[in-house]
Amino acid sequence: MQQRFDLIVVGAGMVGSALACAMADSGLRLALLDAQLLQALPEPRSASGYDPRVSALSAASEQILRALGAWQQISAERRCAYRHMCVWDAEGTGEVRFDAHDLSELRLGHIVENWQVQNALLAVLQDGPVALLGDSRVRGLVQEDDGWRLALDDGRQLHAPLILAADGARSQLRELAGFAMREWDYLHHAVVTTVELAEPHQDTAWQRFLPSGPLAFLPLPSRDGKHYCSIVWSLLPETAEQIMALDDERFAAALAEALEHRLGPVVAVDRRVCIPLRQRHAKRYVMPGLALLGDAAHSIHPLAGQGVNLGFLDAAQLADVLLAARARGENIADLAVLERYERARMGNNLAVMAAMEGFERLFHADALPLRWLRNTGMQLFDRAPRLKAGVMRQAMGLDGELPSLARG
């Protein structure tokens with residue numbers, strides 16, 4: 001049996017679900033497909049009550065979610081606005097501080113658990129016009145004269161002129177379609193967990209650049225007088241293995257020392273997860289009737305938490321392109337239409353990736369002249385309020401050309 005749609009989104013993570021929400025009222029026959037059941041995710045069973053997978057959502061991402069009706073579904077008790085950011089070098093005196101007040105903003109962004117964002121988007125999609133095809137695994141992709149045919153492992157066949165791949169960094173659709181990739185290993189692993197702190201996090205995102213890699217303490221909402229942060233610690237593989245082997249008490253002590261005890265002792269830690277870090281970027285985002293977005297098109301170092309923000313901008317831009325083409329009576333599956341999305345997003349994504357790669361390399365440099373340059377540059381940058389404000393406004397999605405959903 002073959003089911004026909006006008007548009008199929010493969011991958012119902014945060015980015016794919018956001019795109020489905022953006023296109024829900026387009027009048028197209030739209031399906032959202034995922035290997036997981038498309039139902040609300042349960043609350044984490046960790047000691048802290050928080051899931052280790054979080055995102056640092058920019059103002060642009062917040063506005064996109066708000067415009068889709070999803071932000072309103074996220075409980076205020078589960079999102080943490082951070083108003084300050086402190087970044088410093090372990091190998092010198094360089095330190096940069098950012099403050100939302102300097103931008104005339106209430107906050108720099110929010111730290112939110114991924115499952116909360118996912119559930120909010122699924123809540124918007126429930127009982128709507130989008131066909132939610134959960135527990136559906138793709139095993140084949142065939143190009144036909146009038147579009148693409150997806151073969152599912154349960155024997156079903158789905159057909160659509162346009163398929164959008166939002167199925168993550170290891171995208172099966174990307175591989176089946178034959179998109180060429182550039183990718184390399186960072187030779188680092190990220191140790192991720194949630195910790196309870198003795199002292200408040202001060203509504204601040206803390207990031208220290210150590211010789212072994214950056215350590216980030218991302219603020220989470222305090223509860224019952226207890227203070228929490230999400231941890232992302234980038235380490236060389238052998239060091240990550242040693243850190244993972246520590247018992248909780250020794251790991252907590254190592255964490256507090258790595259942050260120079262700026263938030264006092266680490267009182268308790270959740271289960272740790274270790275993730276190999278790899279950067280990927282598709283040489284093209286589109287081909288006739290098929291487009292990549294989010295991590296399927298690009299995945300970057302978790303430094304500064306820009307990955308999901310780039311993905312939400314992809315989704316918003318692609319929705320703009322498709323809705324405008326449909327309003328003009330164009331075929332939304334045409335390569336010329338999809339290339340408008342590629343032109344709008346590829347340059348921005350590459351620029352952010354290059355900046356993150358440059359930071360990562362600069363702070364790993366051990367040569368004395370580079371360390372001096374790094375620390376001097378940070379001190380000068382911290383004393384340049386206009387330059388700092390411009391950089392932060394760009395990172396927050398407050399300046400530059402933005403898709404319609406991201407404009408406040």
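## Exercises on packing, pairing and exposure

Tyrosine 285 and tyrosine 341 are both buried. The model in which these residues are examined is a predicted one.

### Exercise 1. Aromatic pairs

Determine how many aromatic pairs the whole structure holds, and classify the pair of tryptophan 88 and tryptophan 206 by its geometry.

**Solution.**

Step 1. A search of the whole structure yields three aromatic pairs.

Step 2. For tryptophan 88 and tryptophan 206, the ring centres are 6.3 Å apart and the planes meet at 90°. An angle over 60 degrees counts as edge-to-face, and therefore this pair is edge-to-face.

Step 3. The partners come from distant parts of the chain: tryptophan 88 belongs to strand β6 (residues 84-89) and tryptophan 206 to strand β15 (residues 204-210), 118 residues apart. Both tryptophan 88 and tryptophan 206 are buried.

Step 4. Tyrosine 285 and tyrosine 341 form another of the pairs, with 6.1 Å from centre to centre and 40° between the planes, and this pair is tilted. Tyrosine 285 is located in the loop between β19 (273-282) and β20 (286-287), and tyrosine 341 in helix α8 (residues 335-364), so the pair ties together parts 56 residues apart in sequence.

### Exercise 2. Charges over rings

Identify which ring lies under the charged end of arginine 262, and which under that of arginine 272.

**Solution.**

Step 1. The charged end of arginine 262 sits over the ring of tryptophan 88, at 3.8 Å from the ring centre. Tryptophan 88 is also the partner of tryptophan 206 in the edge-to-face pair.

Step 2. The charged end of arginine 272 sits over the ring of phenylalanine 251, at 4.2 Å from the ring centre.

### Exercise 3. The surroundings of strand β13

Establish which side chains of strand β13 point which way, and with which strands β13 pairs.

**Solution.**

Step 1. In a regular strand, side chains alternate between the two faces of the sheet.

Step 2. In β13 (residues 162-165), Leu162 and Leu164 point one way, while Ile163 and Ala165 point the other way; all are buried.

Step 3. Strand β2 (residues 7-10) runs parallel to β13 and is joined to it by four bridges. Here leucine 7 faces leucine 162 of β13 as its opposite residue.

Step 4. Strand β21 (residues 290-292) also pairs with β13 in the parallel sense, over three bridges. In this pairing leucine 164 stands opposite alanine 291 of β21.

### Exercise 4. A four-stranded open sheet

State the strand order of the open sheet of four strands and name its edge strands.

**Solution.**

Step 1. The order is β1-β12-β11-β10, and the pairing is mixed.

Step 2. β1 (2-4) and β10 (138-144) are the edge strands, each of them pairing on one side only.

Step 3. From one strand to the next, the twist averages 20°.

Step 4. Within the sheet, β11 (residues 147-152) and β12 (residues 157-160) run antiparallel and are joined by four bridges. Tryptophan 148 stands opposite alanine 160 in β12.

### Exercise 5. Two polar residues compared

Decide whether asparagine 309 is buried or exposed, do likewise for arginine 79, and find a backbone oxygen that each side chain reaches.

**Solution.**

Step 1. Asparagine 309 is placed in helix α7 (residues 307-327). Its relative accessibility is 3%, so asparagine 309 counts as buried, the cut-off being under 20%.

Step 2. Beyond residues up to four places away in sequence, asparagine 309 touches Ala56, Leu57, Ser58 and Ser61. A polar atom of the asparagine 309 side chain is 3.0 Å from the backbone oxygen of alanine 56.

Step 3. Arginine 79 lies in strand β5 (residues 79-82). Because its relative accessible area is 22%, arginine 79 is partly exposed.

Step 4. Apart from neighbours within four places in sequence, arginine 79 is in contact with Trp71, Ile74, His110, Ile111, Val112 and Pro221. The side chain of arginine 79 reaches the backbone oxygen of isoleucine 74 at 2.6 Å.

### Exercise 6. Positive phi outside glycine

Locate aspartate 127 and leucine 187, and assign each its exposure.

**Solution.**

Step 1. Aspartate 127, although not a glycine, has a positive phi of about 65°. Aspartate 127 is situated in the loop between α3 (114-125) and β9 (131-133). With 83% relative accessibility, aspartate 127 counts as exposed.

Step 2. Leucine 187, likewise not a glycine, has a positive phi of about 60°. Leucine 187 is part of strand β14 (residues 181-197). Its relative accessible area is 57%, so leucine 187 is exposed.

How values were computed: Residues numbered from 1 in each chain as written. Predicted model: local features only at pLDDT ≥ 70, side-chain atom pairs only at ≥ 80, totals over all residues. Heavy atoms only, no water. Helix = DSSP H or I, 4+ residues; strand = E, 2+ residues; numbered from the N terminus. Buried < 20%, exposed > 50% of the residue type's maximum accessible area, 1.4 Å probe, protein only. Polar contact = N/O pair within 3.5 Å; in protein donor to acceptor, adjacent residues only side chain to side chain. Contact = heavy atoms within 4.5 Å. Pairing = 2+ DSSP bridges. Phe/Tyr/Trp six-rings, centres within 6.5 Å; stacked < 30°, edge-to-face > 60°. Lys NZ or Arg CZ within 6 Å of the ring centre and 35° of its normal. Axes fitted to C-alpha atoms, helices over the stretch in contact; angles between N-to-C directions.
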